[in-house]
Amino acid sequence: MRTMGVEEELLLIDRSTGVPVPVADGVLAGARATRVPDPGGVVGEMQREMIEVTTRPHTSLAALGAQVLDNRALVEQVANGFGAHAAPLATSPTPVTPHVSDGARYHRMMQRYGCIPRQGLTCGLHVHVAIDSPAEGVAVLDRIRTWTPVLIALSANSPFHAGVDTGHASFRSIAWSQWPSAGPMERFGSEERYRAVTEGMLRTGALLDEGMLYLDARLSRAHPTVEVRVADVPLDPGVTVTIAGLVRAMVDTAVEEWRSGSLERDTPACTVRLANWRAALEGLDGELVDPLTGRAAPAREVVTLLLAHVLPALVANGDDQLVERGLADLFARGTGASRQRAAYATTGDLGQVALAAAMTSVHARTGRVAAGLWPGADTGSVIGGHPASSGLSGAVG
């Protein structure tokens, strides 16, 4: 069974106002000094208003979920000592002027890329899944690229930015796409072609280094993994776990297709980019692009297609029930974007929206009742009645 791990970027906000505060240096030092029985990693980011937590590689989705909760709890506890919360927000609802972290590379980026890093403060979710070789990894990249826009819709958690409703479910995706190398790629076809394309991108001089290859999905530079980078950091940790399970199943399915000689879809990168844009705009509340037809379809139908596509892998990994419960809960409760908007409709205060988001991790951890069972989860399936569901019950919506 393939291992998987996740990286979550969290926003550091004032405990009273919900406004981002530049306390990452103190939180980072405090977290590293804390003795925990199962450490992942806590690292700084470009701006001092955010911090990243990472898990170890796991084969069990429930164990991964437990560490996601523990990671969030650790940085929340340390952040409290600096008058802050560690909030799962993909953009700041309130206006903020970010403060750059120390380091020559970050300062070079600030000088080189103008308002993009100076005004950008975005928090994403990166999922790593183990691969046996770079060649296998490139085969995976070529076969999952049309499905990754669905992950944007599932994770959508950034409707507000700089004090306004952006009209998008995932404005982080829109802001992130301003970086020169961000977004989908054409099919590579081979490891050699992948290396040639990425080296060609570096030769342009538009990027400082290989670390700035901000592709939707790429071969990790540090680990033998495929790294999928399109998602917002989810409001709920259960969504993080659900997406991790889906991504591992997407990788397994792609590898099986590659080994069987099945050809990847010849979908142009511009079409995938438009699918990203629709997912970022509408989340799960409108339409997504069906990867099989290239046409718009209700979001629930496209999620059902993805689930049916990867169901054999989910079953083989023992993840099918947990992922289906997670998706059912997501459809029942709404994405982070829709829940942020609902909170704003009630409070009329974006600072309170940010503070409410910060408490989701706290409540999730204290409410955990069993491995793999998340508070408030619907026990039904989101694909019930589908021919590929193998008898799983429930229904979309």
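**Exercise 1. How many cavities of 30 Å³ or more turn up in this predicted model, and how much space lies in the largest cavity?**

*Solution.* Start with the count: two cavities reach 30 Å³ or more. Then take the volumes one by one. The largest cavity holds about 110 Å³ of space, and the second largest holds about 50 Å³.

**Exercise 2. Work out which residues line the largest cavity, and sort them by character.**

*Solution.* First, read off the wall. Leu141, Asp142, Arg145 and Thr148 are part of the lining. Gly183, Pro184, Met185, Glu186 and Phe188 belong to the lining as well, and Leu215, Asp216 and Ala217 complete the list. Next, sort them: you get six nonpolar, two polar and four charged residues. Asp142, Arg145, Glu186 and Asp216 are the charged ones, because Asp, Glu, Lys and Arg count as charged.

**Exercise 3. Now do the second largest cavity: which residues lie nearest its centre, and which helices give two or more residues to its lining?**

*Solution.* The lining has 13 residues, with Leu235, Asp236, Val239, Thr335 and Gly336 nearest the centre. Two elements each supply two or more lining residues: helix H6 (148-155) and helix H13 (336-347). By character, the lining splits into six nonpolar, five polar and two charged residues.

**Exercise 4. Zoom out to the chain: how many helices and strands are there, and what share of the residues counts as buried?**

*Solution.* Count the elements to get 14 helices and eleven strands. Of the 397 residues, 57% are buried. For the outside, the accessible surface is about 15700 Å², with 53% of that belonging to carbon and sulfur atoms.

Conventions
Residues numbered from 1 in each chain as written. Predicted model: local features only at pLDDT ≥ 70, side-chain atom pairs only at ≥ 80, totals over all residues. Heavy atoms only, no water. Helix = DSSP H or I, 4+ residues; strand = E, 2+ residues; numbered from the N terminus. Buried < 20%, exposed > 50% of the residue type's maximum accessible area, 1.4 Å probe, protein only. Areas by Shrake-Rupley, 256 points an atom, 1.4 Å probe, with all protein chains shown as cover. 1 Å grid on protein atoms, 1.4 Å probe; cavity = no way out; pocket = protein on both sides within 12 Å on 5 of 7 lines; lining within 4 Å. Points joined across faces, edges and corners; volume = space filled by probe spheres on them.
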